[in-house]
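Student: Could you take me through one part of this protein closely? I would like to see how its strands and helices sit together, and then what surrounds that part.

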Amino acid sequence: MQKPILILGACGQIGTELTYELRNKYGSETVVASDIREGNEALMASGPFELLDATNYKAIEDVVMHYEIDEVYLMAAMLSATAEKFPDRAWNLNMNSLFNVLDLAKEKKISKIFWPSSIAVFGPNTPKENAPQHTIMEPSTVYGISKQSGERWCEYYNTKYGVDVRSVRYPGLISWKTMPGGGTTDYAVEIYHDALEKGAYQCFLSKHTKLPMMYMDDAIRATMELMESPAEKISVHSSYNLGSMSFTPHDMAQSIKKHIPDFTIAYIPDFRQKIADTWPSSIDDSLAKEDWDWKPKYDLDQTTAEMLKNLRK
Ligand code: AKB
């Protein structure tokens with residue numbers, strides 16, 4: 001039987017869908033959702049909810065003790081574009097929240113952690129195509145530096161203290177239930193909303209900026225499959241490369257035009273272009289495939305069909 005789970009940052013883009021899926025699978029009462037502020041009412045009403053600051057160790061510890069939490073999913077983070085504007089706050093949130101959960105596991109108060117890393121761990125000297133699992137990284141953004149440091153700490157806590165922490169490097173994630181906030185890949189969600197509402201989109205990345213992306217259903221399934229894998233199958237204790245599809249804003253526009261023929265797109269790159277230019281275009285995720293049988297299901301056209309169908313409802 002699944003022991004209680006705590007999700008930190010449950011009202012965000014990934015946290016929302018993860019909360020629903022974990023509740024579907026393990027029962028509402030088994031999954032405690034928490035966030036620093038209230039979010040979607042339906043989500044908060046679907047099971048236990050706590051207002052919780054992921055940088056406050058004592059507050060997390062109290063909730064862990066109260067609900068006898070066994071696993072923590074740490075989904076609270078400041079993403080790449082916002083982190084460039086608030087470097088101190090990004091470092092504080094992204095690192096202190098991670099230390100809090102790593103220390104809870106080190107002290108044996110919880111037994112397993114999921115912590116998301118990102119393609120932002122890579123930098124301008126990483127091979128652009130099929131970025132390998134182990135390669136030159138050298139991230140040049142605040143967010144990327146925090147994620148790479150986080151990966152090192154995860155591996156350290158695993159080797160030194162036996163902490164069972166699991167992680168994937170998410171690509172840009174595309175979802176319709178909750179908007180992303182403050183990321184460089186957010187255009188890939190905004191574009192569907194604007195296509196339906198205005199028939200046009202002004203893109204903040206250039207026409208041919210190719211980035212790794214994934215439909216949210218695949219990302220949630222990957223997360224749950226990794227967490228359910230037997231510990232002996234996990235060979236990467238920093239974070240796994242996780243791939244699905246790679247495309248440009250132009251490819252996306254072409255995919256949308258199959259459903260909305262009059263759709264138009266204009267390209268006006270802003271500061272986020274510089275961030276995107278440092279990230280790889282595609283990811284080699286063969287270790288995730290080998291170790292825990294990772295297999296994505298959605299390509300760009302399937303993603304477009306799902307996004308437009310659900311946003312039209
Ligand atoms: C971002 O754009 O910052 C995130 C990410 C790739 O981690 N979506």
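Tutor: Here is a walk that starts at one strand and moves outward. Keep in mind that the model is predicted.

Begin with strand β1, residues 5–8. Its side chains point two ways. Ile 5 and Ile 7 face one way, Leu 6 and Leu 8 face the other, and all are buried. There is a general pattern behind this. In a regular strand, side chains alternate between the two faces of the sheet.

Now look at the partners of β1. One is strand β2, residues 31–35. The two run parallel and share four bridges. Ile 5 has Val 31 in β2 as its bridge partner. How does the chain get from β1 to β2? It passes through helix α1, residues 13–26, and this β-α-β crossover is right-handed.

Another partner is strand β4, residues 71–74. Here too the pairing with β1 is parallel, with four bridges. Tyr 73 in β4 stands opposite Ile 7. What holds such pairs together? Strands of a sheet pair through backbone hydrogen bonds, either parallel or antiparallel.

Stay close to β2 for a moment. Pro 48 touches Val 32 and Ala 33, and also Glu 29. Pro 48 sits in the loop between α2 (41–45) and β3 (49–51). Along the sequence, Pro 48 and Glu 29 are 19 residues apart, yet their C-alpha atoms are 6.4 Å apart in space. Is Pro 48 buried, exposed or partly exposed? It counts as partly exposed, because 18 other C-beta atoms lie within 10 Å, and buried would take 20 or more.

Next, step back to the domains. The domain assignment gives domain 1 as 5–170 + 216–241, and domain 2 as 172–213 + 244–312. Both are written as two stretches of chain. Their centres, taken over C-alpha atoms, are 22 Å apart. In the contact, domain 1 supplies 42 residues and domain 2 supplies 32. On the domain 1 side, the elements that give two or more residues are α1, α4 (80–85), α8 and β12 (240–241). So α1, the helix of the crossover, appears again. Which element gives the most on that side? It is α8, with seven residues.

UniProt has its own entry for this region. An unreviewed entry lists residues 5–243 as "domain: NAD-dependent epimerase/dehydratase". That span is 42% helix and 17% strand. Its end C-alpha atoms lie 26 Å apart.

Follow α8 a little further. This helix covers residues 216–228 and lies across β9 and β11. It runs at about 80° to β11. Those two strands belong to an open sheet of three, in the order β9-β11-β13, with mixed pairing. β9 (172–174) and β13 (245–247) stand at the edges. Each has a single partner strand, so one side of each has no neighbour in the sheet. Neighbouring strands here are turned by 45° against each other on average, direction ignored. Strand β11, residues 211–215, runs antiparallel to β13, and three bridges join them. One pairing to find is Pro 212 with Ser 246 in β13.

There is another open sheet of three strands to visit, in the order β6-β8-β12, with parallel pairing. β6 (117–118) and β12 are its edge strands, each with a single partner, so one side of each is left without a neighbour in the sheet. Two bridges join β6 to β8, residues 168–170, and the strands run parallel. Ser 117 stands opposite Arg 169 in β8. β12 also figured on the domain 1 side of the contact with domain 2.

Finish with two loop residues that have a positive phi. Lys 108 lies between α5 (87–106) and β5 (112–114). Its phi is near 65°, and Lys 108 is not a glycine. Lys 108 is exposed, because 10 other C-beta atoms lie within 10 Å, and the limit for exposed is 12 or fewer. Asn 130 sits in the loop between β6 and α6 (142–161). Its phi is about 50°, again in a residue that is not a glycine. Asn 130 is partly exposed, with 16 other C-beta atoms within 10 Å.

How values were computed:
Residues are numbered from 1 along each chain as its sequence is written. This is a predicted model: local features need pLDDT of at least 70, side-chain atom pairs count only at pLDDT 80 or more; totals for chains, interfaces and linings use all residues. Two strands pair if DSSP finds at least two bridges between them. Axes are lines fitted to C-alpha atoms, for helices over the stretch in contact, and angles run from 0 to 180 degrees between N-to-C directions. Two residues are in contact if their C-beta atoms, placed from the backbone, lie within 7 Å. UniProt positions are given in the numbering used here, feature names are shortened, and annotations may be inferred rather than shown by experiment. A crossover is right-handed if, with the strands pointing away from the viewer, the path from the first strand over the helix to the second runs clockwise. Domain bounds come from an automatic or database domain assignment. Lists of a residue's contacts leave out its neighbours within four places in sequence.
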